[in-house]
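Grab a pencil and work through these short exercises on side-chain contacts. Each one comes with a solution you can check step by step.

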Amino acid sequence: MADPVILAVDVGTQSVRALLVAANGEILGQAKEPLSPPYLSEYPGWAELPAERFWQALCHAVRAARAQHPSTLVAALALTTQRNSYLALDAKGVPLGPALLWPDQRQVPSLPPLPQPWRALLALPPWHQRVVEARRKAPALRLAHYRPKQWQRCHTLATLSAYLTQRLTGRCVDSLASQVGYLPFNYHQKTWYPQGHWRWAAFGLHPDQLYPLLPPGSEAGTLNVPSQQALGLTPMPVLVTGGDKACEVLGCGGQHRGVLNISLGSAISLNLYSPDPINAGLLMPPYPAATPEGFLTERLLPQGMAMLDQLIQRYSVGPGQASLQAGLVHPPAAALVESLRALWPRLAGDDAAMAELDSLHHQWGLAALYRAAVAVILETIQTQAQQLARRHRIVLSHCRVAGGGSRSLPLLQCLANHLNLPVQRMHTNEASALGAAVCGALALGWHPDVESAQQAMCHPQAAVLPHSD
């Protein structure tokens with residue numbers, strides 16, 4: 001009889017992936033179900049999607065992956081999802097509306113005042129502006145402002161991972177390593193702040209409205225009967241793991257000192273692992289790693305690979321993506337890079353900025369514009385990587401990459417050149433799902449420790465080395 005596998009499910013932004021992963025990291029079966037479109041926008045800047053879309057995509061992906069090895073024993077289901085996405089649930093756990101997703105750009109225009117003495121204390125610099133910015137983006141306050149009827153009936157504000165765990169097991173619980181965003185979560189202590197802490201009032205929540213937290217790898221429960229029928233599975237443990245970026249670091253074998261982890265996804269994230277909490281900046285705490293111990297210091301570039309895709313979609317007449325990436329061997333025009341560098345922060349949802357981009361495209365063409373855009377992204381990555389290394393007081397040794405952009409060898413060569421570091425991608429493009437499987441394997445006792453699990457299951461490919469020219 002074949003050895004058991006872990007069914008790792010990654011509910012991402014563009015699709016849901018399901019993998020059957022062996023104890024040595026081999027992918028025995030995998031399937032992907034697109035989320036198309038990845039979100040709906042009732043108004044510009046909004047990003048929502050009905051919860052049932054995620055559930056149906058999860059069911060289809062799991063059934064397709066399972067069909068490739070129907071007789072292999074599945075030891076557990078390990079779940080990871082996109083971060084910073086929320087649903088308002090009623091008392092029965094039923095969604096009151098669509099999920100509020102991480103690309104959503106809404107902010108609260110008018111904030112309710114904080115109780116004293118916090119109102120006076122947090123009005124002092126340097127706290128005031130950061131607290132205001134955080135409150136404007138808090139999911140509870142956004143729902144209360146933009147979906148007031150939904151919020152009035154809200155019993156639980158659930159992350160997407162907590163909601164899907166509830167669908168799978170009947171328990172609305174989540175991994176502490178999935179908490180990323182504007183919630184009253186103590187990132188250093190890895191738990192909710194105590195009742196009465198100012199963050200509860202600041203973020204518009206009460207402790208009864210949130211869910212219990214479990215360490216990564218904990219069993220949330222047994223796959224319930226409705227889910228067994230929907231997924232075509234037998235009873236098995238359902239394990240919480242961590243958010244997709246935390247799992248991606250683990251799946252890249254990147255929980256080591258000096259390893260820069262870069263996710264070249266819709267948004268680009270940079271992470272450094274540390275056994276101790278190290279803030280990324282003022283009011284920028286470290287996030288829990290997808291293992292019981294450890295932290296990740298992260299910098300996020302919201303306009304990541306999705307911006308390059310938008311360039312191609314907007315100016316589709318001309319070379320395809322493969323041809324554009326092959327053209328990265330040529331240096332970008334310095335004047336165009338300078339113009340695009342000034343324009344870049346304004347491109348998300350700014351009509352005037354897009355008009356300027358159209359003008360640059362008309363003047364230079366798509367190939368030149370693409371090279372310049374990649375150069376701006378790489379400059380930003382280089383700056384953020386240097387800042388992270390200084391915060392950790394380390395010298396970076398090499399870089400591990402994942403996400404859709406990691407499929408492009410020309411892009412990885414440019415990245416290696418900019419960082420002056422060896423760059424490695426893994427044996428699978430599905431590093432988040434692999435990380436969830438690593439977390440699950442540790443929980444099941446398949447490997448004695450994190451180091452052994454990463455060595456056994458995470459297999460980096462040959463490094464792309466920096467060129468001096």
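Buried means under 20% relative accessible area, exposed means over 50%, and partly exposed is anything in between. Keep in mind that this is a predicted model.

**Exercise 1.** Work out how Trp127 and Trp198 pair, and class each as buried, partly exposed or exposed.

Solution.
- Start with the geometry: the ring centres are 6.5 Å apart and the planes sit at 85°. Planes over 60 degrees apart count as edge-to-face, so that is what this pair is.
- Next, accessibility. Trp127 has a relative accessible area of 34%, so Trp127 is partly exposed. Trp198 comes in at 9%, which makes it buried.
- Finally, place them in the chain: Trp127 is in helix 3 (residues 127-136) and Trp198 in helix 7 (residues 198-202), so the contact ties together parts 71 residues apart in sequence.

**Exercise 2.** Find the salt-bridge partners of Glu48 and say which parts of the chain they link.

Solution.
- One partner is Arg106, with the closest N and O atoms 3.0 Å apart. Glu48 belongs to strand 4 (residues 48-49), while Arg106 lies in the loop between strand 7 (99-100) and helix 2 (118-121), 58 residues apart.
- Glu48 also bridges to Arg147, where the closest N and O atoms are 2.7 Å apart. Arg147 is in the loop between helix 4 (139-146) and helix 5 (148-152), so this pair ties together parts 99 residues apart in sequence.
- Now check accessibility: Arg106 has 7% relative accessible area and is buried, and Glu48, at 7%, is buried too.
- Arg106 has another contact: its charged end sits over the ring of Trp46, 3.6 Å from the ring centre.

**Exercise 3.** Which helices does the salt bridge between Glu379 and Arg341 tie together, and are the two residues buried or partly exposed?

Solution.
- The N to O distance in this bridge is 2.9 Å.
- Glu379 sits in helix 14 (residues 366-392) and Arg341 in helix 12 (residues 334-343), so the bridge joins parts 38 residues apart in sequence.
- Glu379, at 25%, is partly exposed. Arg341 is partly exposed as well, at 39%.
- Step back to the wider picture: Glu42, Glu48, Asp104, Arg106, Arg142 and Arg147 are joined into one network by salt bridges that share partners.

**Exercise 4.** Describe how Phe185 and Trp192 pair, and name the cluster they belong to.

Solution.
- The pair is edge-to-face, with 5.7 Å from centre to centre and 85° between the planes.
- Both residues are buried.
- Ring pairs link Phe185 and Trp192 with Tyr187, Trp200, Tyr211 and Tyr287 into a cluster.

Note on methods
Residues numbered from 1 in each chain as written. Predicted model: local features only at pLDDT ≥ 70, side-chain atom pairs only at ≥ 80, totals over all residues. Heavy atoms only, no water. Salt bridge = Lys/Arg side-chain N within 4 Å of Asp/Glu carboxyl O. Helix = DSSP H or I, 4+ residues; strand = E, 2+ residues; numbered from the N terminus. Buried < 20%, exposed > 50% of the residue type's maximum accessible area, 1.4 Å probe, protein only. Phe/Tyr/Trp six-rings, centres within 6.5 Å; stacked < 30°, edge-to-face > 60°. Lys NZ or Arg CZ within 6 Å of the ring centre and 35° of its normal.
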